[in-house]
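Trainee: I'm new to this one, so let's go through it together. I'll ask, and you reason it out.

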Amino acid sequence: MQNKADTSSSQGLIDRAGPGVVGQPAVSARQLTKDYGQGSNAVHALRGIDVNFEQGRFTAIMGPSGSGKSTLMHVLAGLDTVTSGHVYMAADLLHSKSGDRHHPSIDQAGRVDLTRMDDRQLTLIRRRHLGFIFQSFNLLPMFTAKQNILMPLVLDGVRPDSSWMEQLVETLGLSERLDHLPGELSGGQQQRVAIARALITKPGLVFADEPTGNLDLASSTGVLKFLRDSVRELNQTVIMVTHDAYAASYADRALVLADGRIVADRQNPTVKAMNDLLAEQVSAGTADDSQVQD
Ligand SMILES: Nc1ncnc2c1ncn2[C@@H]1O[C@H](COP(=O)(O)OP(=O)(O)OP(=O)(O)O)[C@@H](O)[C@H]1O
């Protein structure tokens, strides 16, 4: 199934989103650990993560099942607490909107520390400045595609930018589908609605958790091309969790996690390189940094 999003480019959307400064990390983790449970029952999901995610780049996070990918994404996005360490977000990503009265303190490096924020601050940052795309689309079934796309703005009492809406819908090939309920759309169309919903607020940072996990190859390719175009042409920053080397090959960079640690960090990942790294991890069972580090 080939759809409009497979072939269209996001050209023309430039300058409409709220990009940050290229080169400065959008988000960084420092000495990050996350345990679930305590004592002898504790699961060490993250065991000391130090990493920068530069602005205007598309990064894939890969690794075997249980290696900590989703946990890392959740703590980077302020969806979950950490056990120790810090998650820093570039403050300039949080300044593009007017009416933000809850800005937390900014350090000398121009960052805010998500691990020091309360739930209300985190909720506002997520709603206003971060976009989320999930494997299961997470659309509200009783609302039309258009209502789903506009939902984050409605929740925040913000008037939609109609020309931005129009361009997103056009670029994602959704113009003819806006009045349909999610149940009347294909998986690829539902995911494109979810992408429009993630971008409608012009977020500084987009997190995608297995965004192509429920899609066929043609729809996956459309979604991946759109994410890549939004990075190249809009200076969007995208962090994507995936177990799929094909999906990772659309990213500028791929990290491999194993047992809660980063064991490889590849620029311009290819399908073969990532499959080889993943196979190594699976056969090793537990990570051995020296075997897989670049
Ligand atoms: N809420 C939780 N309570 C207890 N343990 C958890 C919880 N969430 C995750 N874990 C454990 O933390 C570790 C990392 O899980 P995580 O979901 O981050 O891995 P993953 O790499 O995303 O896995 P998958 O590819 O299977 O989704 C696993 O051992 C998992 O069982």
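## Starting with one helix

Trainee: Which residues of helix 4 (residues 145–155) are buried?

Mentor: Some terms to begin with: helices (H or I, at least four residues) and strands (E, at least two) are DSSP runs, numbered from the N terminus. Buried means 20 or more other C-beta atoms within 10 Å of a residue's own, exposed means 12 or fewer, and partly exposed is in between, with C-beta atoms placed from the backbone. On that count, the buried residues of helix 4 are Ala145, Asn148, Ile149 and Pro152.

Trainee: Before we go on, what kind of model is this?

Mentor: Residues are numbered from 1 along each chain as its sequence is written. Local features need pLDDT of at least 70, side-chain atom pairs count only at pLDDT 80 or more, and totals for chains, interfaces and linings use all residues, since the model is predicted.

Trainee: Why do the buried residues of helix 4 lie on the same side?

Mentor: Look at the arc, taken from the directions that run from the helix axis to the C-beta atoms. Val154 and Leu155, on the other side of helix 4, are exposed. The buried ones are on the same side because they cover an arc of only 105° around the axis.

Trainee: What covers those buried residues of helix 4?

Mentor: Here we go by contacts, where two residues touch if their C-beta atoms, placed from the backbone, lie within 7 Å. The cover includes helix 3 (119–129) and helix 6 (187–199).

Trainee: How many strands form the sheet with mixed pairing, and in what order?

Mentor: Two strands pair if DSSP finds at least two bridges between them. The edges of this open sheet are strand 6 (130–134) and strand 10, each pairing on one side only. Six strands take part, in the order 6-7-8-3-9-10.

Trainee: By how much are neighbouring strands of that sheet turned against each other on average?

Mentor: Axes are lines fitted to C-alpha atoms, for helices over the stretch in contact, and angles run from 0 to 180 degrees between N-to-C directions. For this average, direction is ignored, and the turn is 15°.

Trainee: Is strand 9 (residues 253–258) enclosed or open, and how many of its residues are buried?

Mentor: Strand 3 (residues 58–62) pairs with strand 9 in the parallel sense over four bridges, and Ile61 stands opposite Leu255. Strand 10 (residues 261–267) pairs with strand 9 in the antiparallel sense over six bridges, with Asp265 opposite Leu255. Strand 9 is largely enclosed by the rest of the structure, because the buried ones among its six residues number five.

Trainee: Which residue in the turn between strand 9 and strand 10 has a positive phi?

Mentor: The two strands form a hairpin, with two residues between them. The phi in question is about 50°, and the residue is Asp259.

Trainee: Which strand runs at about 155° to helix 7?

Mentor: Helix 7 (residues 217–234) is where Ser219 sits, and Ser219 counts as buried because it has 23 C-beta neighbours inside 10 Å. This helix lies across strand 3, strand 7 and strand 8, and the angle of about 155° is to strand 8.

Trainee: In what order do the strands of the antiparallel sheet come?

Mentor: Strand 1 (residues 25–36) pairs with strand 2 in the antiparallel sense over nine bridges, and Leu32 stands opposite Ile49 in strand 2. The edges are strand 2 (43–54) and strand 5 (111–113). This open sheet has four strands, in the order 2-1-4-5.

Trainee: Which element gives the largest share of the shell around the ligand?

Mentor: A residue is near a molecule if its C-beta atom, placed from the backbone, lies within 6 Å of it. The shell includes Tyr36, Lys69 and His243, and the elements giving two or more residues to it are strand 2 and helix 2. The largest share, three residues, comes from helix 2.

Trainee: How many residues of that shell are polar?

Mentor: Ala, Val, Leu, Ile, Met, Phe, Trp, Tyr, Cys and Pro count as nonpolar, Asp, Glu, Lys and Arg as charged, and the others, Gly among them, as polar. The shell has three nonpolar residues and one charged, and the polar ones number eight.
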